[in-house]
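Grab your favourite viewer and a coffee. Here are a few warm-up exercises, each followed by a worked solution.

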Amino acid sequence: MIFRIAIRNLLHKPLYTVLCWLLLACSTSVLLVLWALNRQARQQLEQQIDGIDLVLGAKGSPLQLILSSVYHLDNPTGNIPLSEASRFMQHPLVESAVPISLGDSYHGFRIIGTTTAYLDKYNAKPAQGKVFIKSMEVVAGAEAARKAGLKVGSRFAGTHGLGKTGHVHEGEEYTVTGILPATGLAIDQLLLTPLQSVWDIHAPHHDADDHDHDHAEGEAHDHDHDDAKSRETAHAHAEGEAHDHDHGDGKDHDHGEAGETADPVHDPQQQVTAVLIKFRGPMGQLQFPRMINEYTNMQAAVPAIEINRLQALLGTGAKVLRALGWLLAGLAACSIFVTLVQGTHERRYELALIRTMGGSRGKLLGLVFAEAFLLGLLGVATGIALSRVALLLLQQELFAGYHLNFSGAMPLTAADGITAAAIVGACMLAALLPAVRAFRLNIAKTLANA
């Protein structure tokens, strides 16, 4: 009965009711979207750095190194010699070290040179086809394969650089050997290939550049030209040097050194963009950053520290938007207060008649609170629906632009419930004064002035 009268009272002033409803819906949706984005972004960022204690790369911004090497969002800081990085990759304190090399892309999707350890890190096994084995073979992430139209057996030429346009490496085609299942991580938008692919495809460019450079500078020509002939020639020369040294140390030791020299990790011509390192224990995290940053030409960045910095930077903007959401909720409460004060004043004769017909003071009190509760409930319900629609629309854009999957943000959480309850509570608080005025209504005086 009370709710039926309350609904009629709200419909009696549709413009005020719609205004309050829209303000409540907008404030609720803004707050819930911000909560969901903040929560999901934090989970996604932490999930992608799981198992990475340190990133080794070229000097520059440590945050840029993390964003480019782990989240594949920013441009890399540069390359580092693999021979120099291998000293730390093979350190006893290191449990695993995954080198990656960037440089090319296909339709905007980055081609990452790496090892199969990168797939193992994310527990990614091809849903179709098989893992790459040799140079110029590619395993495509689920999203990259879908948007670029790649299938097992497809062949394509990469574009130099990380943009959608640029110089195409004509005549150097990759072959897709596998398609990964969707993981919701950045790997979905990558094209993974052996490190050797990146070195092979860029070797002619380096050689051509070196050749031009040699002609200009004379002496360097002979040295670079020797390198340009073949990678094997340079490699054999390195082996020769090791062989001479080994003979000086002893025969047994020589054979071990020669085997290591044959490994591409020790080739001084090869470079990588970064190395993702996981330590066996906390001692590595304490020693490596200072040892690398102070005594080498490389940079060590700790993902956990840089992500905390990033969240602190983004948190300022989120706080401003959250304050805007609560401001809208406050305006909605004020609007409800004005509407109810005006409504109880205009309906004072009806309220007095209800009292004369046997209605109690508590019933008048409940009637005013019922109007505020219905408005709050309708606004919050609409706001929840709007927030989920907004997340659905933003999901693809956020995943494509920032490699963050927000599909898990749809279910309501306890924080969402607390926010919704707080907004309904603010509506009830706004109805307190009008309800007290209705409760204390003087029947005789009101009807005498009618």
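The exercises below go from the whole chain down to single residues, and the model they use is predicted.

**Exercise 1. Get an overview of the chain: how many helices and strands does it have, and what share of its residues counts as buried?**

Step 1: start with secondary structure. There are 17 helices and 12 strands in the chain.

Step 2: turn to burial. The chain runs to 450 residues, and 43% of them count as buried.

Step 3: add the surface. The accessible area of the chain is about 22,600 Å², with 60% of that belonging to carbon and sulfur atoms.

Step 4: look at contact range. Take the contacts between residues at least 6 apart in sequence: 78% of these join residues at least 24 apart.

**Exercise 2. Work out which strands pair with E11, and whether E11 is enclosed or open.**

Step 1: find the strand. E11 covers residues 274-279.

Step 2: take its pairing with E1, residues 54-58. The two strands run antiparallel and are joined by four bridges. For a concrete example, Leu-56 has Val-275 in E11 as its bridge partner.

Step 3: do likewise for E3, residues 94-106. Six bridges link E3 to E11, again in an antiparallel arrangement. Here Ser-96 is bridged to Lys-278 of E11.

Step 4: check burial. Five of the six residues in E11 are buried, so the strand is largely enclosed by the rest of the structure.

**Exercise 3. Decide whether Thr-28 is buried or exposed, and list what it touches.**

Step 1: place the residue. Thr-28 sits in helix H2, which spans residues 14-48.

Step 2: apply the cut-off. Buried means under 20% relative accessible area. Thr-28 has 0% relative accessibility, so it counts as buried.

Step 3: skip neighbours within four places in sequence and collect the contacts. For Thr-28 they are Gly-379, Val-380, Gly-383, Ile-384 and Ile-423.

**Exercise 4. Describe the surroundings of Ala-145: what are its contacts, and how far is its C-alpha atom from that of Gly-178?**

Step 1: place the residue. Ala-145 belongs to helix H6, residues 142-148.

Step 2: check its accessibility. The relative accessible area of Ala-145 is 5%, so this residue is buried too.

Step 3: list contacts, again setting aside neighbours within four places in sequence. Ala-145 touches Ala-140, Leu-150 and Ile-179.

Step 4: get the distance. Ala-145 and Gly-178 are 33 residues apart along the chain, and 9.7 Å separates their C-alpha atoms.

Terms used
Residues numbered from 1 in each chain as written. Predicted model: local features only at pLDDT ≥ 70, side-chain atom pairs only at ≥ 80, totals over all residues. Heavy atoms only, no water. Buried < 20%, exposed > 50% of the residue type's maximum accessible area, 1.4 Å probe, protein only. Pairing = 2+ DSSP bridges. Contact = heavy atoms within 4.5 Å. Areas by Shrake-Rupley, 256 points an atom, 1.4 Å probe, with all protein chains shown as cover.
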